[in-house]
Amino acid sequence: QVQLVESGGGLVQTGGSLRLSCAASGRTFSNYNMGWFRQAPGKEREFVAAISRSGGMTFYADSVKGRFTISRDNAKNTVYLQMNSLKPEDTAVYFCAAQDYRLGASLLSGDKYNYWGQGTQVTVSS
């Protein structure tokens with residue numbers, strides 16, 4: 001029901017910033033909680049941040065709290081991840097994901113999301 005396309009990844013120095021965008025198709029974007037996950041080579045996918053369908057609630061992994069901000073613009077069918085004070089350990093492929101809010105599921109678990117984007121590479125150099 002939804003197609004997700006991430007953009008905004010790239011190469012940045014330690015301490016720099018990037019803003020990732022995830023554009024969603026369809027007319028029912030507001031029915032989905034949205035999350036950002038990341039996966040580094042040889043490592044499991046990990047939760048980064050999530051936002052409820054209205055934008056009223058946000059959640060962050062401890063590793064990014066205070067540095068990253070998730071937001072959404074339902075009128076634009078887009079979710080964002082503002083990443084500040086980037087560290088080399090933030091290097092990963094970042095995925096956005098959508099979860100039908102009607103599932104009543106945890107926003108912190110990737111296996112509770114229904115749709116995934118293709119990912120965008122973020123590389124932080126030291």
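1. S25 touches Q1, V2, Q3 and N77, leaving out residues up to four places away in sequence. This contact list belongs to a predicted model, and the points below should be read accordingly. S25 itself is found in the loop between β3 and β4. Its surface is neither fully hidden nor fully open: S25 counts as partly exposed, because its relative accessibility is 30%, and partly exposed covers values between 20% and 50%.

2. Two distances help to place S25. A polar atom of the S25 side chain lies 2.9 Å from the backbone nitrogen of Q3. The C-alpha atoms of S25 and T78 are separated by 9.1 Å, although these residues are 53 residues apart along the chain.

3. The strands deserve attention next. Strands of a sheet pair through backbone hydrogen bonds, either parallel or antiparallel. Here, 4 strands form an open sheet in the order β1-β3-β8-β7, and the pairing is antiparallel. At the edges stand β1 (4–7) and β7; each has a single partner strand, so one side of each is left without a neighbour in the sheet. From one strand to the next, the twist averages 15°.

4. Within that sheet, β3 and β8 are paired in the antiparallel sense over 6 bridges. One residue pair illustrates the arrangement: R19 has Q82, in β8, as its bridge partner.

5. Which cysteines are joined by a disulfide? The structure holds 1 disulfide, and this link joins C22 to C96, with an S to S distance of 1.9 Å. The pair connects distant parts of the chain, since C22 belongs to strand β3 and C96 to strand β9, 74 residues apart. A disulfide is a covalent bond between the sulfur atoms of two cysteines. The link of C22 and C96 is right-handed, with 55° about the S-S bond. C22 is buried, at a relative accessible area of 0%, and C96 is likewise buried, at 0% relative accessibility.

6. The interior should be considered as a whole. In soluble globular proteins, nonpolar side chains tend to be buried together. The largest nonpolar core has 35 residues, of which M34, W36, L81, M83 and Y94 touch the most other members. At least two residues of this core come from each of β3 (18–24), β4 (32–39), β5 (46–51), β7 (68–73), β8 (78–83), β9 (92–100) and β11 (120–125).

7. L81 gives a detailed view of the core. When neighbours within four places in sequence are set aside, the contacts of L81 are L18, R19, L20, W36, V48, A49, F68, T69, I70 and Y94. Two of these contacts, W36 and Y94, also appear with L81 among the core residues that touch the most other members.

8. Is R67 buried or exposed? R67 lies in the loop between β6 (58–60) and β7, yet R67 counts as buried, because its relative accessibility is 11% and the cut-off for buried is under 20%. Beyond four places in sequence, R67 is in contact with Q82, M83, N84, S85, L86, K87 and D90.

9. Q39 is placed in strand β4 and is partly exposed, with a relative accessible area of 33%. A polar atom of the Q39 side chain lies 3.0 Å from the backbone oxygen of K43. Neighbours within four places aside, Q39 is in contact with E44, R45, A92, V93 and F95. From C-alpha to C-alpha, Q39 and A97 are 13 Å apart in space, and they are 58 residues apart in sequence.

Technical notes: Residues are numbered from 1 along each chain as its sequence is written. This is a predicted model: local features need pLDDT of at least 70, side-chain atom pairs count only at pLDDT 80 or more; totals for chains, interfaces and linings use all residues. Side-chain values use heavy atoms; hydrogens and water are left out. A nonpolar core is a set of buried Ala, Val, Leu, Ile, Met, Phe, Trp, Tyr and Cys residues joined through side-chain atoms within 4.5 Å. Buried means under 20% relative accessible area, exposed over 50%, partly exposed in between (1.4 Å probe, protein chains only). Contact means heavy atoms within 4.5 Å. A disulfide is a pair of cysteine sulfur atoms within 2.5 Å. Two strands pair if DSSP finds at least two bridges between them. Axes are lines fitted to C-alpha atoms, for helices over the stretch in contact, and angles run from 0 to 180 degrees between N-to-C directions. A polar contact is a pair of N or O atoms within 3.5 Å; within protein, one must be able to donate a hydrogen and the other to accept it, and residues adjacent in sequence count only if both atoms are side-chain atoms.
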